[in-house]
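Dear colleague,

I am handing over the structure below, and I would be glad if you could read the notes that follow with the coordinates open beside them.

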Amino acid sequence: MMNLGLEEILKALNGKVVVKGREDFKVVSTDTRKIEVGSLFIALKGNNFNGNLFIKEAVEKGATICIVDEIHFQSAEITDSTIIKVDNTTEALKDLAEFYRKKLKIKVVGVTGSTGKTSTKDLIAAALSTKYKVFKTKGNFNNEIGLPLMVFQLDETYDVAVLEMGMSDFNEIHNLSKIARPDIAVITNIGISHIENLKTRDNILKAKMEITDFLKEKSPLILSGNDDKLVTVENSNFNVIKVGLDNKDYCIDNIKFLENETQFNTIIDGEKVKFTIPLLGKHNVYNTLLALCVGRNLGVSVTEMQQGMANLEATSMRLDIMKKDKYTIINDCYNSSPASVKAAIEVQKNLSSKRKVAILGTMKELGLESKSAHFEVGKFAKDNDVDLLLLTGEFTEEARLGYGEKNAYIYTSVSELINDLDNKIKIGDSILVKASRSMKFEQIIESLDKK
């Protein structure tokens, strides 16, 4: 990261120096377990932890500046480090990231949506990669703690940053946009993830549109025209571009699903062009159209974007096709929603295998929609050639009702399901493994990988 002086930090945080020592630092950390020599440590508090209690440890490990909102140390214990007191360290993290972002002279692409954020982020980075040095959000660092930490990894050696923005309620995307200050905003879709908090899809749309709260006038707002809510968005303040609509730029034509890739045609600047992506599923074609639109708005040529797609680095545990001697495993354990489960089943449907097995867990945060959504997913599995359905978690009865009782099995735990795999899985099967992240379905992947 670029240098920040002590006076700049104090200005950004409205903080007060309580111990004066070194002022230089090279990285920002919120975890004493990962502190490097020369770190600025921000002591966050949560329900089960309080970083303010570990200032002495942070200094001993090499933190040169610590930001606290409680004092739990003696000044004599602090040697050659600066301690800054603020009102709230979580707000300080966000405020410092916002201040730092404003110093950076790079383009930022903000990406949000109910599903597909991470894949779209990866695709945008690939589309830009031939022309620009691109930074993209790592893993799931897309919330009010993670996104600031991503911003601190930026410097002016990068040309573009692609920052993912997640949320579960109103004002969260607003706060992330305030930090990131996107030059281009992208929304993938409006599903029912987090409907437990937001109650309606119209409210989810409103929350996602907070990505424009700090978008400059006439900047690109790129939306999927395949989504019934996004297609209604009209806003004269921005350059609204809807991709995927028939007979227009960034439409879809002649999709071919091959074993390890997808081919399709689209129109860019009035010319029909062919793209190949090392991903499966129609939903990834729509995500690619969003990426191509970002690329053209940043001056990347069609040829450069075609070459860039070969550089795609997909985030792990998202529709990762694992070809094994006995089985084909579809590792999609990172998260789960009705739209993403259906997309994964459609990908599996296009794979060549003797049987199609789906191992599904709970889709979280659906509130009053939970029962109907799990029923609908079960029915979708049946209608799309899933031969065997293995279920664990909540709302399993609803999923089995949607699928039908024959060849649908419910387990009380992940471990019970794992113990029964040898009785259910056969050589030549394709096996989809998908649930919300909290269910830790990667344990199932590990078990299958050893068989």
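To begin with the cysteines, the count of disulfides, taken as pairs of cysteine sulfur atoms within 2.5 Å, comes to 0. Two of the cysteines, C66 and C333, are buried (under 20% relative accessible area, against over 50% for exposed and in between for partly exposed, with a 1.4 Å probe and protein chains only). The relative accessible area is 0% for C66 and 0% for C333.

Please keep in mind that this is a predicted model, in which local features need pLDDT of at least 70 and side-chain atom pairs count only at pLDDT 80 or more, while totals for chains, interfaces and linings use all residues. Residues are numbered from 1 along each chain as its sequence is written, and side-chain values use heavy atoms, with hydrogens and water left out.

Turning to the interior, the largest nonpolar core (buried Ala, Val, Leu, Ile, Met, Phe, Trp, Tyr and Cys residues joined through side-chain atoms within 4.5 Å) has 55 residues, and I9, L40, I67 and L163 have the most contacts inside it. Leaving aside residues up to four places away in sequence, I9 is in contact (heavy atoms within 4.5 Å) with L4, F25, L40, I65, I67, I84 and L96. Another core, of 36 residues, lies apart from that one and includes A126, I241, L289 and A291.

Helix α16 (residues 442–449) has E442, I444, I445, S447 and L448 buried; helices (H or I, at least four residues) and strands (E, at least two) are DSSP runs numbered from the N terminus. Among the elements against which these buried residues pack are the strands β15 (320–323), β16 (328–332), β17 (356–360) and β20 (430–434).

As for empty space, the search ran on a 1 Å grid over the protein atoms alone, where a cavity is a set of points that a 1.4 Å probe fits but cannot leave, a pocket is an open set with protein on both sides within 12 Å along at least five of seven lines, and lining residues have an atom within 4 Å of a point. The structure holds 1 cavity of 30 Å³ or more, with about 80 Å³ of space in it. Of the 15 residues that line this cavity, L360, G361, H374, L391 and A399 are the closest to its centre, and α12 (370–383), β18 (388–392) and α13 (396–403) each give two or more residues to the lining. The second largest pocket has a volume of about 260 Å³, the space filled by probe spheres set on grid points joined across faces, edges and corners, and its lining includes T30, D31, R33, F49 and I145.

With best regards
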